[in-house]
Structure formats: C-alpha cells, structure tokens
Amino acid sequence: MGYGNNKLSIIGLGYVGLPLAAEFAKNGVNTVGIDVDDSKIKKINKGESYISDISTEDLSAVVTKGTLTATTDISAVKDTDSIIICVPTPVTVHKTPDVSFIQSVVDGIAPYLRKGHLVILRSTTYPGSTREFIVPKMEAAGIEIGTDGHVAFAPERVNPGSEKYNFKNTPIVLGGVTKKCTEEASNLLLMVTNDVIKVSSPEVAEMAKLLENIFRSVNIAMINEMAMLCDRIGGIDIWEVVRAASTKPFGFMKFNPGPGIGGHCIQIDPYYLSWKAKEYNFYSDFIEQAAKTNENMPRYVADMTIQALSMSSTPLPNCKVLIIGVAYKPDIDDLRNSPGIHVWEALLEKGVNSIEYSDPFVPAFKEGALESKSLDLNEDMLKEYECVVIITDHSTIDWQMVFDNSKFIVDTRNASERVNTGASKYYSLGGGQLGKNGTYRK
Ligand SMILES: NC(=O)c1ccc[n+]([C@@H]2O[C@H](COP(=O)([O-])OP(=O)(O)OC[C@H]3O[C@@H](n4cnc5c(N)ncnc54)[C@H](O)[C@@H]3O)[C@@H](O)[C@H]2O)c1
C-alpha cells in the first residue's frame, strides 16, 4: 500500500498549502491541515476559504465529507503517514534567507517522527536545505532514510490565479534523498498531478525551482531596462518593440516591462541562491543586477508620476494621485511585495501627500504604516485626481472610462493599447513619451 492510500498532513495552509490540502482531500486522501494561525484553522473547519485559488464551495465539500480536517496541533503528524511542509521562506531586511519557519516546523514534528514517515519539503529554499534540515531529525528518530522512512523535495510551481494551469497539468519536479524516497513521494504526488519529473537528488529539485524563478527575474529586469532606455531615447515604444520581436517563431520568449515584481517568489527566491553562492566565494552578478533593476522600478514609476504632476498647475503637495491596483498581479487579491504599495511609498517620500487607490480585488489593506480602503471607479471621481497611476490591470476594470475621464495617466501595463485613447494624456512605461525637461510627447 503506497503513501497515497494513507493519511497525510500538510503543514502551512497559505497560498500553497491550502489548495494542495484540498486537492489531496478531493482525491480521497485523508488529510489533516496544520497551521499556527488559529483563525485560518477555524475558517477551514467551517468550510470557508480565504485563498482565491480554492473556492469555498470546493473547500466545504471536502470538509463536509471529512477528508479534510484542520488543527493547530502539530502532534497530529504522528497519526499521519506523510507530511508535506509548505511554510513561508521569506528574506530578512538584509536580503538573507529566513528559514526560521522551516526550522520551527522541523523542530515541532521531530518528537513525533517514526518509522514509515515520508516527509516532503515544498517551500522554496536554497540547495541543500532538505538534507540539512530534515534528514538529521529523521536519523535522530532512528529512521534509516530510504529504508524505513523517506525524505524528498518537491517545489510548488503553480501560478496563483491561473485558470489554464493547475495541479493536474503542471508537472511536479521531485528529488528524493534516495531512489526509494523519490518513488514513495512520487506515488503520493501522483494522486494530485498527472506528471512527476523525477530528478537525481533534492538539491537538483531545489536548484531547478530557483532556476525557474531567477530566469523570470533576469528576463523581466532586462525588459525593464529596455523600457527605461526607450523612454530615454524617446519615440520608440517598448510595447511595440516586444510585439515585433515576439513574432520570431523560435529563440525568443516574451516578457513585458512593469512597475516592479511582487508576490512571494520572484522578488525573494533569487536571494536564496545568491546567498548560498557566497558560501563558495561565488558572486552571482546576474541575480543581484536583476534584483537591483526590478526593485528600482517602483521609484522609476514614481518619478514618471512626479514628471506628470509637474505639468499640472496644482502645487505638488496638493496634488491628488489615484493608484489603480495594489494586488501584485491581475485578478488576484495578494498584495505581498506589491509594486503598488512601493510606488505609493516612493510618492509619499517625494512629497505627494494625497494618495488613494482602487482595486476591486483588495477592498482594504494595512501594510506597515499604510492603511487604506479601495474606492469605486467612476467618471466623476476619476476627474478629481491630477494623476491616475495604473499598476495592476485587473480584467474587470473599464479602461475606456479611465482614459476618458482622467486628467493624466501613468500607464505601466500598456492599458492604453486596449482603448481608444482619443485626447487622453498619458505616459506609458517604456512608451518613449518622456520628453526632456518634463515635456510631454504623444
Ligand atoms: N504563493 C505562491 O504563489 C508560491 C508559489 C510557489 C512556491 N511558493 C513557496 O511556497 C512556500 C509557502 O508559500 P505561501 O505563499 O503558501 O505562504 P503563506 O504565507 O501564504 O502561507 C504559509 C502558511 O504557513 C503558516 N505557518 C507559518 N509558520 C508555521 C509553523 N511553524 N507551523 C505551521 N504553520 C506555519 C502560516 O500561518 C501560513 O498560513 C514558500 O516557500 C513560497 O516561496 C509560493
């Protein structure tokens, strides 16, 4: 009998853990979700979802059926055969890996580890983590890895909010400490996915996950740099350039510029590798340079906004700015590392005092010192702002109304291309309209 037929615990019920727990439960695996956050546990046990990728309807179905239960009690792992760890892996303020969540989970489960346990780490982390954190605890419990207990790394790859890609059609990369570990973990994971890509070690799987995200970070940085160059040269629109280059049927992959990278992955994961590299006296210039360029984008957008405001007759401290979109990408409610918040902070630093926002997916937020409530967009309210800054292009927003009624727009998502711009005044990020000395070129 494989692990797939037995009981499973999933530790960390956030964006990654909750949908995964529900998916296993939906496929008939008796699943216990474990989280330190009591409010999440209460919601799950009432069948209420707090993650947009899993509907309350689907969650309550598995809770009612009894295949998914949730608890804050980590000792629940002792009654389960497999354990999947999905806790956060952020970076510190100095951009070094913060693996304290993994450490705390591993310390928590250590007293309950026993022969027969399969432990899979799913949190993104630097190569060597699975062997470093989990294997010693298993061995200390008298478990011989690959014989009477199993350990593997299988990173999460699902793209939040995507309707096209889900557990079934996104292959899971998997590396076990031994071949048997990989086999056992694969049997479990095949309950939720069609395809498992087996690699030779946890380190290969850990590095593969980082490669995927660093690939995105570097390419986004490169296109952001080209967007800023287009603005500097003037008269060349990066969006048209990208469209033209994208017609090449081979050897090119399309990336769009933007106001910065948000979310829990692309902005953070590369630092896990650059930190690890330094242990080997290796300095990863690509990773650091990409991070520098991408992290500078919100300030660049704030500068574009200041340039737009400088053309208004209203003095800067009295100018009103509206940010459209604080979620870090379209059609989701996640505002972790949101460029919208970073642009907001940069504008405050530059003396813009009156900033509000509209985001149909984020009705209210509190991030550090910032706290605000979303405003509904309409023709009259748009006219009140000296500048409207488009950060997230949610599909539900009426862009024609935005362009028809705003005094000036800073468009970081090429929304202008989806409307009849008529007499609207706007800067498109990389649109080549930023003239010398603050003049506006259309
Ligand atoms: N969100 C994504 O899109 C995504 C995609 C791929 C990979 N990842 C990776 O997956 C991991 C989890 O990310 P996430 O987005 O789900 O994070 P999250 O913050 O949404 O959820 C993590 C959960 O872990 C819980 N937790 C923290 N410490 C705990 C502990 N000691 N015991 C039990 N629960 C604990 C938190 O309360 C929270 O509910 C990270 O390593 C991340 O890099 C995330």
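Which residue in E3 does Thr31 stand opposite? Select Thr31 and look across to E3. The partner is Leu68. Keep in mind that this is a predicted model.

**Stop 1: the pair of strands**

Select residues 31-34, which make up strand E2. Add strand E3, residues 68-71. Four bridges join the two strands, and E2 and E3 run parallel. Strands of a sheet pair through backbone hydrogen bonds, either parallel or antiparallel.

**Stop 2: the whole sheet**

Now widen the selection to the full sheet. Eight strands form it, and the sheet is open. Step across in the order E3-E2-E1-E4-E5-E6-E7-E8. The pairing is mixed. Stop at E3 and at E8 (196-199), the strands at the edges. Each has a single partner strand, so one side of each is left without a neighbour in the sheet. Turn the view to follow the twist, which averages 25° from one strand to the next.

**Stop 3: two helices on the sheet**

Select residues 179-189 for helix H7. H7 packs on the sheet and touches E4 (82-85), E5 (118-121), E6 (150-153), E7 (172-176) and E8. The direction of H7 makes about 145° with that of E7.

Next, select residues 202-233 for helix H8. This helix also packs on the sheet, with E6, E7 and E8 as the strands it touches. Against the direction of E7, the direction of H8 makes about 150°.

**Stop 4: the ligand**

Centre on the ligand and show the residues around it. There are 25 of them. Pick out Gly12, Gly14, Tyr15, Val16 and Ser123, which come nearest. Then select residues 100-109, helix H4. H4 gives the most to the shell around the ligand, with three residues. Colour the shell by residue type: 13 are nonpolar, eight are polar and four are charged.

**Stop 5: two loop residues with positive phi**

Go to Asp331, in the loop between strand E9 (320-324) and helix H12 (339-349). Its phi is near 65°, a positive value in a residue other than glycine. Is Asn414, the next pick, buried or exposed? Select Asn414 in the loop between strand E14 (409-411) and strand E15 (426-428). Phi of Asn414 is near 60°, again positive in a residue other than glycine. Asn414 counts as buried because 22 C-beta neighbours lie inside 10 Å, and the cut-off for buried is 20 or more. Return to Asp331 to finish: with 17 other C-beta atoms within 10 Å, Asp331 is partly exposed.

Technical notes:
Residues are numbered from 1 along each chain as its sequence is written. This is a predicted model: local features need pLDDT of at least 70, side-chain atom pairs count only at pLDDT 80 or more; totals for chains, interfaces and linings use all residues. A residue is buried if 20 or more other C-beta atoms lie within 10 Å of its own, exposed if 12 or fewer, and partly exposed in between; C-beta atoms are placed from the backbone. Two strands pair if DSSP finds at least two bridges between them. Axes are lines fitted to C-alpha atoms, for helices over the stretch in contact, and angles run from 0 to 180 degrees between N-to-C directions. Two residues are in contact if their C-beta atoms, placed from the backbone, lie within 7 Å. A residue is near a molecule or strand if its C-beta atom, placed from the backbone, lies within 6 Å of it. Ala, Val, Leu, Ile, Met, Phe, Trp, Tyr, Cys and Pro count as nonpolar, Asp, Glu, Lys and Arg as charged, and the others, Gly among them, as polar.
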